[in-house]
Amino acid sequence: MLKKEKEFYKALLNKEKDRICKNLGHSREMLTKGEKGIPTHIADYGTDEFEKGLEINLSDSEQKILNIIRESLAKLENGTYGICEACGKRISKSRLSILPYAKLCISCQKEKEKSEE
């Protein structure tokens, strides 16, 4: 991979990492904020609990993506970035431009999704 390409993907990965870190910070802030008060209606309580659960699930998903981004940055440094983990072929530049932390090429990703159904 050319130095210019490496810098391009590194910038994309860092931009995505910064976005997720900002979101995770916001989520943690929302979860640790003081309670609005005790809901007077059971439906309000259920809504509050659902929203807290949703925030936690979003944070978990974003944390997983953040870990994959860190792995991708390490791959950039060791020269294995952009190689499909399933078949060993290069992942297309167009795919990496859209999803810079992709681990699989399009073909392998489709196969994985098919097998998960």
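A cavity, in the sense used on this tour, is a set of grid points where a 1.4 Å probe fits but cannot get out. Keep that in mind while you look around this predicted model, because one such space is a stop on the route.

**The whole chain**

Begin with everything shown as a cartoon, and you will find that the protein has 4 helices and 0 strands, so that, read along the sequence, the pattern is α-α-α-α. If you then colour the residues by accessibility, 24% of the 117 residues come out as buried. Among the contacts with a separation of 6 or more, 57% are between residues 24 or more positions apart.

**The nonpolar core**

Next, select Leu13, Ile69, Leu76, Tyr81, Cys84 and Leu96, which are the residues with the most contacts inside the largest nonpolar core, a group of 17 residues. Helix H1 and helix H2 (42-78) each supply at least two residues of this core. In soluble globular proteins, nonpolar side chains tend to be buried together.

Stay with leucine 76 for a moment and show what surrounds it. Leaving aside neighbours within four places in sequence, leucine 76 is in contact with Met1, Lys6, Tyr9, Lys10, Leu13 and Tyr81, and two of the names in that list, Leu13 and Tyr81, also appear among the core residues you have just selected.

**Glutamate 16 on helix H1**

Now move to glutamate 16, which is placed in helix H1 (residues 3-32). Show the side chains here, and you can trace a polar contact of 2.6 Å between glutamate 16 and arginine 19. If residues up to four places away in sequence are not counted, glutamate 16 touches Ile69 and Tyr101.

**The cavity**

Which residues line the largest cavity? Select Ile68, Glu71, Ser72, Lys75, Thr80, Tyr81, Gly82, Ile83, Ile91, Tyr101, Ala102 and Lys103 to display that lining. The space they surround has a volume of about 60 Å³, and the count of cavities of 30 Å³ or more comes to 1. Colouring the lining by class gives 6 nonpolar, 3 polar and 3 charged residues.

**The second largest pocket**

Keep Ile68, Tyr101, Ala102 and Lys103 selected, since they are also among the residues that line the second largest pocket, and add Arg95, Leu99, Leu104, Gln109, Lys112, Glu113 and Glu116 to complete that lining. About 170 Å³ of space lies in this pocket. Helix H4 (residues 106-116) gives the most to the lining, with 4 residues, and by class the lining divides into 5 nonpolar, 1 polar and 5 charged residues.

**Two last residues**

Is asparagine 67, your next selection, buried, partly exposed or exposed? This residue lies in helix H2, and asparagine 67 counts as partly exposed because its relative accessibility is 35%, which falls between the limits of 20% for buried and 50% for exposed. Draw a line from its C-alpha atom to that of lysine 17, and the distance is 9.3 Å, although asparagine 67 and lysine 17 are 50 residues apart in sequence.

Finish at glycine 79, in the loop between H2 and helix H3 (93-98). With a relative accessible area of 54%, glycine 79 is exposed, because the cut-off for that word is over 50%. The C-alpha atoms of glycine 79 and lysine 6 are separated by 9.4 Å, while the two residues are 73 residues apart along the chain.

Key:
Residues are numbered from 1 along each chain as its sequence is written. This is a predicted model: local features need pLDDT of at least 70, side-chain atom pairs count only at pLDDT 80 or more; totals for chains, interfaces and linings use all residues. Side-chain values use heavy atoms; hydrogens and water are left out. On a 1 Å grid over the protein atoms alone, a cavity is a set of points where a 1.4 Å probe fits but cannot get out, and a pocket is an open set with protein on both sides within 12 Å along at least five of seven lines; lining residues have an atom within 4 Å of a point. Grid points are joined across faces, edges and corners, and a volume is the space filled by probe spheres set on the points. Ala, Val, Leu, Ile, Met, Phe, Trp, Tyr, Cys and Pro count as nonpolar, Asp, Glu, Lys and Arg as charged, and the others, Gly among them, as polar. A polar contact is a pair of N or O atoms within 3.5 Å; within protein, one must be able to donate a hydrogen and the other to accept it, and residues adjacent in sequence count only if both atoms are side-chain atoms. Contact means heavy atoms within 4.5 Å. A nonpolar core is a set of buried Ala, Val, Leu, Ile, Met, Phe, Trp, Tyr and Cys residues joined through side-chain atoms within 4.5 Å. Buried means under 20% relative accessible area, exposed over 50%, partly exposed in between (1.4 Å probe, protein chains only).
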